[in-house]
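Take a look at the chain below. This report walks through a few of its local features, one at a time.

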Amino acid sequence: TATKSIKEGKAEICLTTEKVFYNPVQEFNRDLSIAVLTIFTKEYKTEQIAKAEKRGKNKPQNPTDEGRETDTNNEVDISILEALSATGLRSIRYAKEVPNVTKIVANDLSKQAVETIQANIVHNEVENLIETSHDDACMVMYKHKHPMKRFAAIDLDPYGCPSVFLDSAVQSVQDGGLLLITATDMAVLAGNAPETCYSKYGAISLKTKCCHEVALRIMLQCIESHANRYSRYIVPLLSISADFYIRVFVKVYTGAIHCKKTTSKLSMAYHCTGCDNITLQPLGGFKPNPTEKNPTQTKAYLPAAPPVGEFCSNCNQRHHLGGPLWSAPIHDEAFVTKVLNHVENNPDLFGTAKRIAGILAMVREELLDIPLYHSMDRLCGRVHLETMPMLIMRSALLNAGYKVSYSHASRMSIKTRAPAHVVWDIIRTW
Ligand code: SAM
């Protein structure tokens, strides 16, 4: 086959075989990841320097310490693993476009992929930053479990489902490090195969109009449950549904006490077969005991709300049960704002800058304390009405005293805390 040359960002890669995976549509995914990593590495560096100063610069290295030692020149080790690298394009772009990175490992199981990566590293003159690895992604990660060997960031971009890589990923990322994870098996996550979803992700998916946000929340609960096994927990920075896939960016921290709060971040979802409404049932609550020295260490455990019934309180039809879903915020607003500002101030750095800015602006407006959303066309379709203009619904909800926002995942979405009957009243009186 003839050699194909592909330019993206500051990288130029050569492809000599069709057998190595390359998808031009994923430029947006790679651009967004670079923007996120740019902000992340900057903050991570500052955090590590502060940690090192706190520990005392002259303290001998303690190999069991979380976090790598920072030397006296404020050099922070920021290593990235691209566990499923294919052509190496992403790793080469990270090397050339993300500041503060000290080392990148580009791994792939396929021999041809690794040969392609190696050739592309030389072609782009990034030998000083990237090393190749020819291994199973899980094996590479298990070899980096030790706190002194962990990566600051791990990128998982598999075909389909990433869950087989999570056990090793949550163990081999630094405390305060970042996981960047793609899933492309949307049929499974978005409700076409709930039983497969349960076996792969540990949650039942739902066939509903807000399935893309459900997919993100299933992914997040799945990562959290893997992390919790090792007394670690996640903090989502940004969670995106785009094209045919989802992509989540989460920080991982160590802390057994925080893992006790996980049940209060998860909910079962009762999906009405009649009106499509979803009612969330939190898995549990965490009852702080003010008389204890450390109130978060209390053993008291409360179910956070009475169980949702078999029938929908709005239309009396049967519920389907889905979940558990991550029901805590899926983005960190301050972080998203920084990424958005970076992209808006540097549009020339990203081929897909406009699209990133558009999506992040929507993400920033999302009501973070309201999981899931109604869908305007589905609501009107249920009662055989033509679709009501979004503006009318949004003003009616605002007038009734309820906050309202879109979700970036759907143009027809309405996020609101207004109870279902209020939404239906608005439609009926329209
Ligand atoms: N991240 C790449 C990009 O942005 O262009 C695309 C990665 S492609 C979707 C998935 C890659 O994972 C393929 O090159 C495949 O050979 C590799 N792969 C599949 N299973 C693997 C495993 N268990 N360990 C390492 N690599 C694997």
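Begin at a hairpin. It is formed by strands β10 and β11, with five residues between them, and in it Asp276 takes a positive phi near 75°. This is a predicted model, so every value here is computed from it. Strand β10 covers residues 266–272 and strand β11 covers residues 278–282. The two strands run antiparallel, and five bridges join them. Ala269 stands opposite Leu280 in β11.

Asp276 is accompanied here by two further residues with a positive phi. Leu372 is not a glycine, yet its phi is near 65°. His384 is not a glycine either, and its phi is about 55°. The table sets out where Leu372 and His384 lie.

| Residue | Phi | Place | Relative accessible area |
|---|---|---|---|
| Leu372 | near 65° | loop between α11 and β15 (374–375) | 6%, buried |
| His384 | about 55° | loop between α12 (376–382) and α13 (390–399) | 73%, exposed |

Why does Leu372 count as buried? Its relative accessible area is 6%, and buried means under 20%. His384 reaches 73% and counts as exposed, because the cut-off for exposed is over 50%.

The backbone has another feature to find. Which two residues are joined by a cis peptide bond? They are Gly323 and Pro324, and omega is about 0°. Pro324 is found in strand β14, which covers residues 319–326.

Next comes a helix. Helix α10 spans residues 333–345, so count along the chain to find its 13 residues. From its first C-alpha to its last, α10 reaches 18 Å, close to the 18 Å expected at 1.5 Å a residue. Asp332 caps the N-terminal end of α10. A side-chain oxygen of Asp332 lies 3.0 Å from the backbone nitrogen of Ala334.

Which residues of α10 are buried? They are Phe335, Val336, Val339, Leu340, His342 and Val343. Seen down the axis of α10, these buried residues fall within an arc of 160°, so they line one face of the helix. A general rule helps here. An α-helix has 3.6 residues a turn, so residues three or four places apart point the same way. The buried residues of α10 pack against α1 (27–55), β8 (232–242) and α11 (353–365).

Now turn to the interior. The largest nonpolar core has 55 residues. Leu32, Leu37, Ile130, Leu178 and Leu238 have the most contacts inside this core. Helix α1 gives the most to it, with 10 residues. Another core, of 51 residues, lies apart from it. Among its residues are Val170, Ile218, Ile223 and Leu372. In soluble globular proteins, nonpolar side chains tend to be buried together.

Look more closely at Leu238. Leaving aside neighbours within four places in sequence, Leu238 is in contact with ten named residues, Leu32, Val36, Arg247, Val248, Phe249, Ile330, His331, Val336, Leu360 and Val363. One of these, Val336, is also a buried residue of α10.

Finish with a lysine. Is Lys251 buried or exposed? Lys251 counts as buried, at 7% relative accessibility. Lys251 lies in strand β9, which covers residues 245–254. The side chain of Lys251 makes a polar contact with the side chain of Tyr253, at 3.2 Å. Not counting residues up to four places away in sequence, Lys251 touches several others, including Phe40, Glu47, Leu178 and Tyr233.

Terms used:
Residues numbered from 1 in each chain as written. Predicted model: local features only at pLDDT ≥ 70, side-chain atom pairs only at ≥ 80, totals over all residues. Heavy atoms only, no water. Helix = DSSP H or I, 4+ residues; strand = E, 2+ residues; numbered from the N terminus. Expected span 1.5 Å × (residues − 1). Buried < 20%, exposed > 50% of the residue type's maximum accessible area, 1.4 Å probe, protein only. Arc of directions from axis to C-beta. Contact = heavy atoms within 4.5 Å. Polar contact = N/O pair within 3.5 Å; in protein donor to acceptor, adjacent residues only side chain to side chain. Core = buried A, V, L, I, M, F, W, Y, C linked by side-chain atoms within 4.5 Å. Pairing = 2+ DSSP bridges.
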